[in-house]
Amino acid sequence: MMTSKQYEDSLRKMNLNVYFMGEKIDNPVDHPMIRPSMNSVAMTYKLAEEPEYQELMTATSNLTGKKINRFCHLHQGTDDLVKKVKMQRLLGQKTAACFQRCVGMDAFNAIFSTTYEMDQALGTEYHKRFTDYMKFVQDNDLVIDGAMTDPKGDRGLAPSQQEDPDLYVHIVEVREDGIVVSGAKAHQTGAVNSHEHLIMPTIAMREADADYAVSFAIPSDAEGITMIYGRQSCDTRKMEPGADIDLGNSQFGGHEALVVFDRVFIPHERVFMCKEYDYAGMMVERFAGYHRQSYGGCKVGVGDVLIGAAALAADYNGVPKASHIKDKLIEMIHLNETLFACGIACSAEGSQMPAGNYMINLLLANVCKQNVTRLPYEIARLAEDIAGGIMVTMPSEQDLKNEEVGPLVRKYLVGAKGKDVVNRMRVLRLIENITLGTAAVGYRTESMHGAGSPQAQRIMIARQGDLESKKEFARNIAKIDTSLDK
Ligand code: SF4
Ligand code: FE
């Protein structure tokens, strides 16, 4: 396994083609805007080095028998699925941000089981290829960007009906030694901090879309790949010299990027689906299911930090004993633990796939994510309520340091007796960061749209909800004689 330092060094060796705010970035690792997101991923290595977190952060590979980072693991039981969620909560607590490495883990498990079933039915050799790829990933302890979401263009049209064929990643050429692909994947979590991209289709496909039914792995710095780094609210604060208090969270962050593929060559041994359109939907459903489970861990961990920050804000404001404040904090805990309960439940109710690895309970994972599209918003609302308006009207760190107005800032931002003014500013900025700043991408909007927008879960809930058997329960209890119905 790599140490966090080795991970950082391994990124330095990559020759990535990254653009941010109209400029090509030569050294993403040390860029002040990107660095905090790298620190979050590095935490997945750092915690795996610490004895107290071995149980959650590491696992034994079913492929090699070696000890590996859990982020590279194929789940071997419901116990592994539960530990995955607990690991994600832990990392959320330590970073208060998206630590990005889960998309790879979720893609591994979805592609492993899907390729097995493809090979069984079609006589292909994708599963063997993918198993070899997994050994490579595990042995080198890599960060893989599991990539699903295409830009999608006109949402009312299928991939093959789009005016521009590149709006979905597609095969442009099949060669003797591999395939050539073009297109893009949108809002790719951790793309710039990843060693490789692992591409999956974004929706179920029909025959006409066969060229779009493609899955493959490719190093992030391969020829033809361009990454355009996404903006976040308040992101340029990170560029301010000496910025610290105003960042709210100066150490950690997350990021997304638009990843463009311009005639990128993929050798056959890294291709895991090539036009088998019947299996695109299966891969999508499984990846989405795993990632909906993931949110019952990571968002809960960030929620823990936000609840803690709200409680601290109450302390610094001098109102920790007010009954309505206590009640709001209880409500926040209740909502946050509801999400965790969903993450644990869909894990505990998991089952073994024909390939051998374990799948979460799909219905419960979709219920989990549906709750995630709502409850963090309420938790954020309550945190803002407790923090007070000063959270968004407070003078800057520079003003605090200014000789003229600094003493005024200190004088008028005083809160509870005996409490430090700067500490009060820090905790308010942390709440701002999670609810409205750079981390709000991960805690709010991603809660809505990440791992699929709310409607995608409702479709799955409708499919998995088994309404017919519920009707049968009701018929039996009410003694309904269906022969009397016309
Ligand atoms: Fe992991 Fe959560 Fe980020 Fe997804 S949103 S990569 S589950 S931390
Ligand atoms: Fe996500």
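Two strands count as paired when DSSP finds at least two bridges between them. With that in mind, let us walk through this predicted model, beginning with the strands and ending at the ligand.

**Strands E8, E9 and E12**

Strand E8 (residues 196-199) and strand E9 run antiparallel and are joined by 4 bridges. Within this pair, Glu-196 stands opposite Pro-219 in E9. Strand E9 also pairs with strand E12 (residues 271-274), again antiparallel, through 3 bridges. Here Val-214 faces Cys-274 of E12 as its opposite residue. How much of strand E9 is buried? Of its 6 residues (214-219), 5 are buried, so the strand is largely enclosed by the rest of the structure.

**The six-stranded sheet**

Another part of the model holds an open sheet of 6 strands, in the order E2-E1-E10-E11-E7-E6 and with mixed pairing. Strand E2 (23-25) and strand E6 (170-174) are the edge strands; each has a single partner, so one side of each lacks a neighbour in the sheet. On average, neighbouring strands of this sheet are turned by 20° against each other, direction ignored. Strand E1 (residues 18-20) is joined to E2 by 3 bridges, and the two run antiparallel. Val-18 has Ile-25 as its bridge partner in E2.

**Two residues with positive phi**

Most residues other than glycine have a negative phi. The table gives two residues with positive values.

| Residue | Phi | Location | Relative accessibility |
|---|---|---|---|
| Gln-100 | near 70° | loop between helix H4 (78-95) and helix H5 (102-122) | 3%, buried |
| Arg-263 | near 50° | strand E11 (residues 256-267) | 46%, partly exposed |

Gln-100 counts as buried because its 3% relative accessibility falls under the 20% cut-off. Arg-263, at 46%, counts as partly exposed, and its strand, E11, stands between E10 and E7 in the order of the open sheet.

**Around ligand 1**

Where does ligand 1 sit? You will find ligand 1 in the largest cavity. Gln-100 appears again here, as one of the residues surrounding the ligand, together with Cys-98, Phe-99, Cys-102, Thr-189, His-291, Ser-294, Tyr-295, Cys-298, Lys-299 and Glu-446. Which helix gives the largest share of this shell? That is helix H7 (residues 280-317), with 5 residues. By residue class, the shell divides into 5 nonpolar, 4 polar and 2 charged residues.

Terms used. Residues are numbered from 1 along each chain as its sequence is written. Chains are lettered from A and ligands numbered from 1 in the order in which they are written. This is a predicted model: local features need pLDDT of at least 70, side-chain atom pairs count only at pLDDT 80 or more; totals for chains, interfaces and linings use all residues. Side-chain values use heavy atoms; hydrogens and water are left out. Axes are lines fitted to C-alpha atoms, for helices over the stretch in contact, and angles run from 0 to 180 degrees between N-to-C directions. Buried means under 20% relative accessible area, exposed over 50%, partly exposed in between (1.4 Å probe, protein chains only). A residue is near a molecule or strand if one of its heavy atoms lies within 4 Å of it. On a 1 Å grid over the protein atoms alone, a cavity is a set of points where a 1.4 Å probe fits but cannot get out, and a pocket is an open set with protein on both sides within 12 Å along at least five of seven lines; lining residues have an atom within 4 Å of a point. A molecule sits in a cavity or pocket if more than half of its atoms lie within 2 Å of its grid points. Ala, Val, Leu, Ile, Met, Phe, Trp, Tyr, Cys and Pro count as nonpolar, Asp, Glu, Lys and Arg as charged, and the others, Gly among them, as polar.
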